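Let's take a walk through the aromatic side chains of this one. Have the model open and follow along.

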Amino acid sequence: MTKLAIYPGSFDPVTNGHLDVLKRALKIFDKIIIAVGENPNKNYLFTADERKDMIKKVTKGLNVEIDHFNGLLIDFAKKGKATAIIRGLRAVSDFDSEFQAALMNRKLDPNIETIFIMTRGMYCYLSSSIVKEAASLGSKLNGMVPSYVEKKLREKFKH
Ligand code: ADP
């Protein structure tokens, strides 16, 4: 039986920190569904299609499926027959909201486990927000995002 997990997030845009979590999760699961969130209360820099396109380009060769969702994550996971939700943890600041979401999701469906993958030291500072801020100021993004994503950021900010 294929062990399937879902990796949800904004991925606005996908960073090397996201990719590191993804690759490590693929050592545990056969296949990962990357679920790009479309939350109407969030202000994204990239559209869902742009975010999906960047993920597609930078995950070539990995056993992933890329989709988007805008409803309840647990319903999306069930529909895709995933048995686990993957989330990354960077700092204590991530913990509180992740803890709440994991408990809520367990209440909604006790059969779907949330699995946390601890960031690598070199990526503990890395977030999509910091990358966007750096790109908006014309800073180099060495090692933070794949070169395709860097190109897309430059286009957005016209540097
Ligand atoms: P969300 O808006 O759902 O938090 P993000 O795209 O910011 O979406 O993050 C998606 C997931 O990836 C989250 O679980 C987040 O903690 C994790 N993540 C993001 N950046 C890193 C990183 N540098 N190291 C480890 N996990 C990360």
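Phe99 has a relative accessibility of 43%, so it counts as partly exposed. Keep in mind that you're looking at a predicted model. Phe95 is in much the same situation: its relative accessible area is 44%, which again means partly exposed. The cut-offs behind that label are simple, since buried means under 20%, exposed means over 50%, and partly exposed is what lies in between.

Now look at where these two rings sit. Phe95 belongs to helix H4, which covers residues 92-108. Phe95 and Phe99 are four residues apart in that helix, so about one helical turn separates them. Their rings form a stacked aromatic pair, with 5.2 Å from centre to centre and 20° between the planes. The 20° angle earns the word "stacked" because planes under 30 degrees apart are classed that way.

The two phenylalanines also have company on the surface. Together with Val92 and Leu103, Phe95 and Phe99 make a nonpolar surface patch of about 420 Å².

How many aromatic pairs are there in the model? The count comes to three. Another one of them joins Tyr7 and Phe11, and here the geometry is edge-to-face: 5.2 Å between the centres and 90° between the planes. Are Tyr7 and Phe11 buried or exposed? Both are buried, whereas Phe95 on helix H4 is partly exposed.

One last ring to find is that of Tyr44. What sits over it? That would be the charged end of Arg51, placed 3.8 Å from the centre of the Tyr44 ring.

Notes. Residues are numbered from 1 along each chain as its sequence is written. This is a predicted model: local features need pLDDT of at least 70, side-chain atom pairs count only at pLDDT 80 or more; totals for chains, interfaces and linings use all residues. Side-chain values use heavy atoms; hydrogens and water are left out. Patches are made of residues with over 30% relative accessible area and no salt bridge: like charges are joined within 9 Å, nonpolar side chains (Val, Leu, Ile, Met, Phe, Trp, Tyr) within 5 Å. Accessible areas come from the Shrake-Rupley method with a 1.4 Å probe; for residues, only the protein chains shown count as cover. A salt bridge is a side-chain nitrogen of Lys or Arg within 4 Å of a carboxyl oxygen of Asp or Glu. Buried means under 20% relative accessible area, exposed over 50%, partly exposed in between (1.4 Å probe, protein chains only). Rings of Phe, Tyr and Trp (its six-membered ring) pair if their centres lie within 6.5 Å; planes under 30 degrees apart count as stacked, over 60 as edge-to-face and the rest as tilted. A charge sits over a ring if NZ of Lys or CZ of Arg is within 6 Å of the ring centre and within 35 degrees of the ring normal.
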